[in-house]
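Biologist: Could you take me on a close look at a single part of this protein, one residue to begin with, and then show me what else stands out? I'd love one connected walk-through.

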Amino acid sequence: MTQDENKDLVTLVDGASGQRFELPLIPGTVGPKVIDIRSLYGLTGYFTYDPGYTSTGSCESKITYIDGDNGILLHRGYPIDQLAEHSDYLEVCYLLLRGELPDAKQKAKFEGDIRNHTMVHEQINSFYRGFRRDAHPMAVMCGVVGALSAFYHDSLDIADPHQRMVASHRMIAKMPTIAAWAYKYSRGEPFIYPRNSLSFAENFLHMMFATPCEEYKVNPVLARAMERILILHADHEQNASTSTVRMAGSSGANPFACIAAGIASLWGPAHGGANEAVLQMLTQIGSKERIPEFIARAKDKNDPFRLMGFGHRVYKNYDPRAKVMQRTCHEVLDELGVRDEPLLELAMELERIALEDPYFVDKKLYPNVDFYSGIIFKAMGIPVSMFTVLFAVARTVGWVAQWNEMIGDPHQKIGRPRQLYTGAAHRDFVPLHARG
Ligand code: CMC
């Protein structure tokens with residue numbers, strides 16, 4: 001394939017026939033250009049083959065930009081560390097959904113819109129009772145969020161921008177309630193209803209840890225840390241769960257069903273389930289002395305073990321979210337008076353060794369956001385099984401923003417990839433008596 005110096009084109013030469021095909025190059029605002037292959041099959045009779053979409057852009061988007069080589073993450077142009085430092089979660093939600101930071105009036109109105117929707121239909125309570133008490137809360141999330149489409153019929157028309165926005169507000173507002181109730185159910189404690197005088201993060205912590213018997217005061221340092229964690233997880237371009245939401249939505253499925261699909265995809269240990277896997281791994285390692293044994297296992301091609309919380313499909317440099325998370329982690333541990341947290345010491349040592357080890361250095365495997373978030377959650381008293389649920393709460397705004405963008409995109413089509421077929425070619429059916 002060659003690129004014409006003067007034109008925004010690449011030329012593809014078919015080695016067999018010698019035929020040349022010109023394909024347009026499309027520039028983005030920043031980042032590499034993309035080759036527009038929409039006409040490829042029509043022109044050449046060939047499909048492309050790209051398992052895991054490592055070289056494939058699936059959509060045009062104006063929401064989030066990642067430069068993985070330089071460790072940069074921008075939401076609507078704003079660097080993630082500035083947002084984590086100076087903004088709050090609902091402001092970031094507004095930014096992701098609407099494209100600009102709100103002014104004071106817009107911010108107040110948006111916060112009111114979200115507050116209006118924090119409760120869930122009272123009949124949703126009974127869904128929880130259908131689950132075993134020891135159900136994984138992500139299983140509960142998949143079920144209850146999927147069920148929302150059976151309750152909010154007035155926001156299912158995806159062709160109506162107003163209904164789409166109401167569904168988006170509902171999802172952002174209700175997710176903390178649904179998540180906190182999944183936790184309460186697992187403990188056999190009464191559900192705590194949302195308190196709209198509190199901030200988004202405070203309200204979530206309150207619904208998680210308050211009981212009807214006594215006053216619960218939310219610790220402001222922990223609330224601020226939670227706010228930051230929510231911001232850091234709010235969106236991340238076309239990752240597996242977001243692509244799942246877009247793919248589900250591309251058929252015209254309703255928004256609640258699409259977000260339930262995103263939650264299912266997030267659950268996997270290679271994606272959102274990694275924060276839970278990090279804690280399990282640190283517990284399994286147990287002591288600093290055993291780190292070399294696990295590093296050796298991670299490097300062994302014949303051992304499926306991987307260092308959880310290390311590596312990323314896009315970041316081949318330090319994950320910018322992990323930097324903020326590391327700082328937040330220390331703030332939380334200081335506030336809680338956790339001086340010698342063995343798991344944190346273990347994590348620091350693991351990070352130090354992995355960052356010096358040629359295997360990890362050469363493959364550019366840096367700690368990712370999940371490496372620290374698990375330790376923070378643990379210190380806050382959040383059980384390990386809830387870690388990925390918190391990721392889902394935070395990522396909901398990213399999912400709904402990307403889903404809205406997709407529905408409004410005039411080039412949007414149902415997602416329908418092709419394949420490289422390597423199965424049997426045509427053969428005639430053999431009756432049972434004639435087989436074998
Ligand atoms: N430990 C040991 N080796 C690793 C690791 C790891 N954590 N991650 C990648 N590698 C090796 C891998 O074996 C491969 O080696 P080789 O080239 O010799 O075959 C090479 O690095 C490239 O790995 P890959 O699997 O081809 O890379 P990928 O882009 O498909 O996978 C990943 C990215 C995040 C799934 C992977 O790095 C991983 O499994 N990490 C651990 C799980 C984790 O922390 N996930 C959270 C991701 S961040 C939060 C989110 O977005 O959800």
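Modeller: Happy to! Let's begin with Thr177, which sits in helix H7, a helix running over residues 161-187. Keep in mind as we go that this is a predicted model. Thr177 counts as buried because its relative accessible area is 1%, and the cut-off for buried is under 20%. Which residues does Thr177 touch? Leaving aside neighbours within four places in sequence, Thr177 is in contact with Thr118, Tyr128, Pro194 and Met207.

Now to the ligand. It is surrounded by 21 residues, and the closest are His271, Lys301, Leu307, Arg313 and Lys363. Sorted by class, that shell holds ten nonpolar, six polar and five charged residues. Two of the closest residues also show up in polar pairs: a polar backbone atom of Leu307 lies 2.8 Å from a ligand nitrogen, while an N or O atom in the side chain of Arg313 is 2.7 Å from a ligand oxygen. Tyr359 joins in through its side chain, with an N or O atom 3.0 Å from a nitrogen of the ligand. On its own the ligand has 930 Å² of accessible area, and the protein covers 76% of that.

Helix H10 makes a good last stop. Within its residues 240-250, the buried ones are Ser241, Thr242, Val245, Arg246, Gly249 and Ser250. An α-helix has 3.6 residues a turn, so residues three or four places apart point the same way. The cover over the buried residues of H10 includes helix H11 (255-266) and helix H18 (387-408). Just past the end of H10, Gly252 adopts a positive phi of about 95°.

Terms used:
Residues are numbered from 1 along each chain as its sequence is written. This is a predicted model: local features need pLDDT of at least 70, side-chain atom pairs count only at pLDDT 80 or more; totals for chains, interfaces and linings use all residues. Side-chain values use heavy atoms; hydrogens and water are left out. Helices (H or I, at least four residues) and strands (E, at least two) are DSSP runs, numbered from the N terminus. Buried means under 20% relative accessible area, exposed over 50%, partly exposed in between (1.4 Å probe, protein chains only). Contact means heavy atoms within 4.5 Å. A residue is near a molecule or strand if one of its heavy atoms lies within 4 Å of it. A polar contact is a pair of N or O atoms within 3.5 Å; within protein, one must be able to donate a hydrogen and the other to accept it, and residues adjacent in sequence count only if both atoms are side-chain atoms. Accessible areas come from the Shrake-Rupley method with a 1.4 Å probe; for residues, only the protein chains shown count as cover. Ala, Val, Leu, Ile, Met, Phe, Trp, Tyr, Cys and Pro count as nonpolar, Asp, Glu, Lys and Arg as charged, and the others, Gly among them, as polar.
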